[in-house]
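Welcome, and thanks for opening the viewer. Keep your selection tool handy and follow along, one stop at a time.

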Amino acid sequence: MDIDVIVAEHTKRLAAADALLPKPQSWAPGEGTRLSARDGVALATRSRIAAGAREALWRPLTEYQLDVRLAGADPGVPLGALLAEWEELLSEAADEPDSAAAVTRPSRDTVGCAELLRHGFSPTRVLAVRPADRLGSGPPAVPGVRIRRAEPADLNTLVRLRLELRRYDAQFAVVTLRPGEERVLTDATRELIGTVSSGVPALWIAELYGKPLGFVHVQLPPRSDWAGEYVAAERVGYLAVLHVAEEARSTGVGTALAGHAHQLFDEEGIEAVLLHHALANPRSTPFWYAQGYRPLWTTWYRHPAARG
Ligand SMILES: CC(C)(COP(=O)(O)OP(=O)(O)OC[C@H]1O[C@@H](n2cnc3c(N)ncnc32)[C@H](O)[C@@H]1OP(=O)(O)O)[C@@H](O)C(=O)NCCC(=O)NCCS
């Protein structure tokens, strides 16, 4: 099948599967390695970062990615063929334990899930979306919870909570614990405390009777503009982090923080809010879906990238 016909069929199937998906982007000439199969094409890319880089806190040092366009009566068949072809490129990562292969697929375009599983990939990370005005459900408001902007004096508390979140998230392989991460997180948090976007502070603290027990980090335009390529909406917000101290979970603090964030997004005329979460997280997955989110993109990972 001609590549333009494959892309047209792929685009049509995605539009029917999910109205919130943007039109698939075209690939820049000369970018990555093109793979092709009957009824399918793919772009394979690789990115490497140094162990000391700040991004190393949130990703493997080497990440291989495959972007696919699928067509035909059973689009899972070309996906299987493209994955088989990709294995050859991935075999070069045989001596790289800190690596991952990742395939990001529209969550509701479920074709090819079985092929991904057969090649050893697991659905690991979701980019979820909450269209404006979605109603959420949750516990009744907790008396005594106050949400306030983060101040420089909150630095140590915020770093402690962020380290706690990293230890929790590391269980699901969405982050890797790194030596020196406390220093990197302290610098990043110090910068964030002073960050204001569209007049709105990025970091907010939840306190119960004066004790800080959780925080939320929101991104508004223009800082959240990067997220626009993932959703068919004009004004997009990103909920970067929400965390509640272990001793305060399941008591409504998270709902209060999410409610505050959604109010900030609504006041700024945000049409869709996006956030990432680990699918295997037994706390965040039900929490976000009760707050009005649903899956938009699912990233399937294999750690390490090479098979065997
Ligand atoms: C995920 C997290 C932020 C949620 O915050 P939280 O303060 O625990 O959540 P809340 O108490 O506001 O909401 C959940 C509770 O609401 C209640 N609830 C949920 N739906 C409800 C409904 N429809 N009606 C009444 N009550 C409801 C339940 O008591 C539920 O707790 P339970 O399922 O343990 O019984 C928090 O658990 C956390 O920080 N987890 C660890 C780190 C993490 O996963 N962070 C998110 C990364 S994306």
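Before you select anything, bear in mind that this is a predicted model. Our tour begins at the interface of domain 1 and domain 2, where 8 residue pairs are in polar contact. On the side of domain 1 that touches domain 2, you will find 11 nonpolar, 2 polar and 4 charged residues.

**Stop 1: the two domains.** Select residues 3-126 and give them one colour; the domain assignment calls this stretch domain 1. Then colour 145-292, which is domain 2 in that assignment. If you place a marker at each C-alpha centre, the two markers will be 28 Å apart. The contact draws on 17 residues from domain 1 and 23 residues from domain 2.

**Stop 2: the buried area.** The size of an interface is often given as the accessible area lost when the parts come together. Here, domain 1 and domain 2 bury about 1700 Å² between them, and 54% of that is on carbon and sulfur atoms. Which three residues of domain 1 supply more of the area it buries against domain 2 than any other three? Select Arg54, Leu57 and Val126: together they supply 39% of it.

**Stop 3: a salt bridge.** Keep Arg54 selected and add Glu191. These residues form a salt bridge, with 3.1 Å between the closest N and O atoms. The count between the two domains is 2 salt bridges.

**Stop 4: the ligand.** Now select the ligand and show what surrounds it. There are 22 residues around the ligand, and Ser250, Gly252, Gly254, Thr255 and Asn281 come nearest. Try three distances:

- Ser250: an N or O atom of its side chain is 2.6 Å from a ligand oxygen.
- Gly254: here a polar backbone atom is 2.7 Å from an oxygen of the ligand.
- Asn281: a side-chain N or O atom is 2.7 Å from a ligand oxygen.

To finish, switch on the surface. The ligand taken alone exposes 960 Å², and the protein buries 70% of that.

Methods
Residues numbered from 1 in each chain as written. Predicted model: local features only at pLDDT ≥ 70, side-chain atom pairs only at ≥ 80, totals over all residues. Heavy atoms only, no water. Domains from an automatic or database assignment. Contact = heavy atoms within 4.5 Å. Buried area = accessible area lost by both parts, 1.4 Å probe. Salt bridge = Lys/Arg side-chain N within 4 Å of Asp/Glu carboxyl O. Polar contact = N/O pair within 3.5 Å; in protein donor to acceptor, adjacent residues only side chain to side chain. Nonpolar A, V, L, I, M, F, W, Y, C, P; charged D, E, K, R; others polar. Near = heavy atom within 4 Å. Areas by Shrake-Rupley, 256 points an atom, 1.4 Å probe, with all protein chains shown as cover.
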